[in-house]
Amino acid sequence: MIERRLFPRYSVELRAEVWQPEGKVYQAIGTELGRGGVALDLDCAVVEGMACVGGKLNQGDRFRLRLHLGDVASGGMLSAECRAAYVRRLSQDRYAIGARFHNIEGGEARLEAFLSWCAEGSGTRN
């Protein structure tokens with residue numbers, strides 16, 4: 001299989017919040033993180049609640065994201081506008097969503113600090 005990612009990703013377990021323009025906030029878990037985006041693990045009800053059109057979130061749909069990076073990155077939070085790169089059903093009640101960053105709001109340095117920490121061996125490279 002040919003690797004198509006532009007940047008390496010690291011296995012993580014980060015608390016995340018996603019929301020739509022109307023302001024409803026949903027809980028998620030960030031499972032892989034890289035400079036270009038993050039993989040999210042979400043409950044089925046969240047994916048359906050985030051849907052822009054139809055019954056579930058679709059590839060290309062936009063949403064906002066907040067990742068809790070902990071003490072590693074100054075400030076501990078990363079906020080970004082995202083677009084769904086993929087939406088995959090993992091089980092009856094879980095989905096995986098690839099979130100591509102489109103606008104990181106002042107958090108590029110936090111993201112770089114966290115990724116450097118992961119690269120030093122604190123995270124598993126995928």
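How many bridges join strand 3 to strand 6, and in which sense do the two strands run? I looked this up first and found 7 bridges between strand 3 (residues 37-43) and strand 6 (residues 94-104), with the two strands running antiparallel. I took strands to pair if DSSP finds at least two bridges between them, and I took helices (H or I, at least four residues) and strands (E, at least two) as DSSP runs numbered from the N terminus.

**Ground rules**

I am working on a predicted model, in which local features need pLDDT of at least 70 and side-chain atom pairs count only at pLDDT 80 or more, while totals for chains, interfaces and linings use all residues. I number residues from 1 along each chain as its sequence is written, and I note that side-chain values use heavy atoms, with hydrogens and water left out.

**Overall layout**

I count 2 helices and 7 strands in the protein, and from the N terminus on I read the order of the elements as β-β-β-α-β-β-β-α-β. Of the 126 residues, 43% count as buried, where buried means under 20% relative accessible area, exposed means over 50%, and partly exposed lies in between (1.4 Å probe, protein chains only).

**Strand 6 and its partners**

On the strand 3 side, I find that Ala-39 has Gly-98 in strand 6 as its bridge partner. Strand 6 is also joined to strand 5 (residues 77-89), here by 9 bridges and again in an antiparallel sense, and strands 5 and 6 form a hairpin with 4 residues between them. In this second pairing I note Glu-81, whose bridge partner in strand 6 is Asn-103.

**Salt bridges**

I looked for salt bridges, defined as a side-chain nitrogen of Lys or Arg within 4 Å of a carboxyl oxygen of Asp or Glu, and the structure holds 7 of them. Glu-81 appears here as well, since it forms a salt bridge with Arg-64 in which the closest N and O atoms are 3.7 Å apart. Glu-81 lies in strand 5 and Arg-64 in strand 4, so this pair ties together parts that are 17 residues apart in sequence. Glu-81 is partly exposed at 32% relative accessibility, and Arg-64 is likewise partly exposed, at 25%.

A second salt bridge links Glu-112 with Arg-35, with 2.7 Å between the closest N and O atoms. Because Glu-112 belongs to helix 2 and Arg-35 to the loop between strand 2 (25-34) and strand 3, the pair ties together parts 77 residues apart in sequence. I find Glu-112 partly exposed, with a relative accessible area of 30%, and Arg-35 partly exposed at 41%.

A third joins the side chains of Arg-15 and Glu-17 at 3.5 Å, N to O. Arg-15 is partly exposed at 48%, whereas Glu-17 counts as buried at 9%. I also record that Arg-15, Glu-17 and Arg-66 are linked in a network of salt bridges.

**A buried acid without a salt bridge**

Which side chain of opposite charge is nearest to Asp-61? I find Arg-83, 7.7 Å away, and Asp-61 is buried yet has no salt bridge; for charge, Lys and Arg count as positive and Asp and Glu as negative, while His and the chain ends are not counted. Asp-61 sits in the loop between helix 1 (44-49) and strand 4 (62-68), and its side chain reaches the backbone nitrogen of Asn-58 at 2.9 Å.

**Aromatic rings**

I find 1 aromatic pair in the structure. The rings are those of Phe-114 and Trp-117, whose centres are 5.4 Å apart and whose planes make an angle of 45°, so that the pair is tilted (centres within 6.5 Å; planes under 30 degrees apart count as stacked, over 60 as edge-to-face and the rest as tilted; the six-membered ring is used for Trp). Both residues belong to helix 2 (residues 108-122), 3 residues apart, or about one turn of the helix. Phe-114 is buried at 3% relative accessibility, whereas Trp-117 is partly exposed at 34%.

**Last entry: strand 1**

I place Glu-13 in strand 1 (residues 9-19) and find it exposed, at 71% relative accessibility. Glu-13 and Glu-32 are 19 residues apart in sequence, and their C-alpha atoms lie 7.7 Å apart in space.

Technical notes. Polar contact = N/O pair within 3.5 Å; in protein donor to acceptor, adjacent residues only side chain to side chain.
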